[in-house]
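Trainee: I am new to this structure and would like a close look at one part of it. Could you walk me through the place where the two chains meet, and then what lies around it?

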Amino acid sequence: MDFLANLGSGFSIALSPLNLFFAALGAVIGTAIGVLPGLGPPATVALLLPLTYKMDPTPAIIMLAGIFYGAMYGGSTTSILLNIPGEAASVVTCLDGYKMARQGRAGAALGTAAIGSFIAGTISIFGLSLVAPTLANFALKFGPAEYFSLILLGLMMAVYLSEGSILKGLVMGALGLFFGTVGIDPVLGATRFTFGLSRLTDGFDFVVVAMGLFGISEVLMNLEVLQLRDVFKTALKGILPTLDDWRRCWRSVVRGSLTGFFIGVLPGGGAIISSFVSYAIEKRISKHPEQFGKGAIEGVAAPESANNAASTSSFVPLLTLGIPGNATIAMIFVALMIHGIRPGPLLLQEHPNLFWGLVASMYIGNLMLLGLNLPLIGFWVRLLRIPYHYLAVLVVTICLIGAYSVKNSVFDVGMMVAFGIMGYLMRKGGFPPAPLILSMILGPILERSLQQSLISSGGDPSTFIQRPISAALLCVAAFLMLTPILKRIWKGNPPGRRT
Amino acid sequence: MKNSADIAAGLILILVGTGAIVGAIGLRLGTPTEPQPGFFPFLSGVSIFILSSILLVQGWIGRTESRISFGEIRRPAMLIAVLIAFVGLLESLGYIIVSPIIVVLALRIMGIRSWRVVLTTSVALSMGTFILFDRLLGITLPVGILSHLGL
């Protein structure tokens, strides 16, 4: 069995002391930022990225991945105990998790979330290691036309699945494509839109942009409403859910895991949307939907399993197609590129150690997270007592140093502040930041594949619909863009907002 | 009801789109078989222009829901000013001088009254980050006017 042999070699890599250390470090940092509201995974990964420049790629990626899935574990704690999502993917967990805590069942809710996450993570990793090689083989057949359509679909999905208005998401996507053209033209080598600034010849630094868009802007948003946190004071007794709890929710865990896995695999899909979808599914098929929102354990088990499964499976499009589906994965994409590794169908052949080592480290990381979350829950709760202003100044200071450290340049710090202000205004106006950064990163690849396919087809744009895979991808993209309009015509609602 | 935030955003983005189109034409567009550097920026500029025009129209005829609400706008605005000052002064004054001042201002903006807390935090945070990043992690932070002290 190829698969088992590969996984075996992956474990031998992941179990080396250095990689174990970085997996644990990633898991701890991830849990901490998941627990603490105010700093999400994309900003954290961007902040730590410059520190990994001198590391080997495998431990670097193992650590950054650990932050991502670790945050999914940590996010539930804050949702359950505070009714504030520690992380965007734990928003729905507030609904039933906090109610459970108020009913004196905080322990059961936390336990269900952690164990559910563990099961989901494991199922998803298993799925990832099965699906990824097949998908990568399939993607090897892709030419530039297929790539163009695939990236376009990925961007459309990111817009479609982001919160708020689709139109605003599209505007941000288009703006990102334009920002992506700043610097040296990837095909002809001409300098574009640098306004004579030599610092811009390499284009915008994605790490700096992400720190501004996700780190600084978040702090600015939180400053408007300095919230007082009120940790729910309850004796945490019985962290393990009872047998009866399990009987009620094991199916939700499995369904949540599968939902999460499939949504995570989609380009543009991710943990946030999967948690909402799985909650909706549970509520719909439940025999007692009236209990949802009042402390139903299924309402914690399903979304927490789903967000964890999705965060793992969103590595599938990254590692096999080279398409990052969400902002955090986009930062890991950047990390791979900086380490000289091109994410895409060839990654598995060219860097099997990285791929299988990463997959195996996720198994191990999930186990570590279970150990970190259940017995140490008291420690994480104490972390929540740190007043927000300390956290905010820390985030700002680290962002400022982080932006400087990328190239030792004050210009980058200015750029980050500028993108921070822009991100703040975007959030205020309901413009989602994820499509902007995704299309900035994917723009140059989109441009190259567009030009290559046009040149090879003699300038005939119908090449995109004559090639079957490309045509199918474009159809899905068009369908996604048209659904809100069709829905409105159907219902007679005014256009402009998603219903 | 008109949505002034969307109208403003639409106008700004239309300007950006126009700028992209004009700049792209300046870079030459070429033909689909022989695309020049301006080809792709032109397409993205046209997309920005069209999409933000739709946004503008929708905001004008009041079809988008007005969601913008500024809570305590003073605090973020002041922090933005502090951050811009940091960028302006970092190189000349150096991290060791600028960062404690920035932290003091930031904490005051966040409403921390006690000077004892503000000063201890700022000194601890600035020194801590300097030692961690500059000394231990080897990121050379700007020393500015303290350079003659041999830091």
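Mentor: Happily; here is a walk from the interface to the salt bridges and then to a few single residues.

A word on the ground rules comes before the tour. This is a predicted model, in which local features need pLDDT of at least 70 and side-chain atom pairs count only at pLDDT 80 or more, while totals for chains, interfaces and linings use all residues. Residues are numbered from 1 along each chain as its sequence is written, chains are lettered from A and ligands numbered from 1 in the order in which they are written, and side-chain values use heavy atoms, with hydrogens and water left out.

Let us start with the interface. Chain A brings 59 residues to the contact and chain B brings 62 residues, where contact means heavy atoms within 4.5 Å. About 5,300 Å² is buried between chain A and chain B, and carbon and sulfur atoms give 79% of that area. Buried area here is the accessible area (1.4 Å probe) that two parts lose on being put together, summed over both.

Five residue pairs, both partners at pLDDT 80 or more, are in polar contact across the interface of chain A and chain B. A polar contact is a pair of N or O atoms within 3.5 Å; within protein, one must be able to donate a hydrogen and the other to accept it, and residues adjacent in sequence count only if both atoms are side-chain atoms. On the chain A side that touches chain B, two or more residues come from each of helix 8 (166-180), strand 2 (191-192), helix 9 (206-224), helix 18 (388-407), helix 19 (410-429) and helix 20 (433-456). Helices (H or I, at least four residues) and strands (E, at least two) are DSSP runs, numbered from the N terminus. Helix 18 of chain A gives the largest share of that side, twelve residues. By type, the chain A side that touches chain B divides into 37 nonpolar, 14 polar and eight charged residues. In this count Ala, Val, Leu, Ile, Met, Phe, Trp, Tyr, Cys and Pro are nonpolar, Asp, Glu, Lys and Arg are charged, and the others, Gly among them, are polar.

Now for the charged pairs. Side chains of opposite charge can pair when their charged atoms come close. The rule finds one salt bridge across the interface of chain A and chain B, a salt bridge being a side-chain nitrogen of Lys or Arg within 4 Å of a carboxyl oxygen of Asp or Glu. In it, A:K168 pairs with B:D6, and their closest N and O atoms are 2.9 Å apart. Both A:K168 and B:D6 are buried; buried means under 20% relative accessible area, exposed over 50%, and partly exposed in between (1.4 Å probe, protein chains only). Over all chains, the count comes to eleven salt bridges. A:K168 lies in helix 8 of chain A and B:D6 in helix 1 of chain B, so this pair joins two chains.

Other salt bridges lie within chain A. A:D205 forms one with A:K407, with the closest N and O atoms 3.6 Å apart. Because A:D205 is in the loop between strand 2 and helix 9 of chain A and A:K407 is in helix 18 of chain A, the pair ties together parts that are 202 residues apart in sequence. A:D205 counts as buried at 18% relative accessibility, while A:K407 counts as partly exposed at 40%. A:R427 and A:E218 also meet in a salt bridge (3.1 Å, N to O). That pair links distant parts of the chain, with A:R427 in helix 19 of chain A and A:E218 in helix 9 of chain A, 209 residues apart. A:R427 is partly exposed at 24% relative accessibility, and A:E218 is partly exposed at 21%.

Finally, two single residues in chain A round off the picture. Not counting residues up to four places away in sequence, A:M416 touches A:V208, A:M211, A:G212, A:I216, A:C399, A:L400 and A:A403. A:N408 sits in the loop between helix 18 and helix 19 of chain A. A:N408 has a positive phi of about 50 degrees although it is not a glycine, and A:N408 is partly exposed, with a relative accessible area of 39%.
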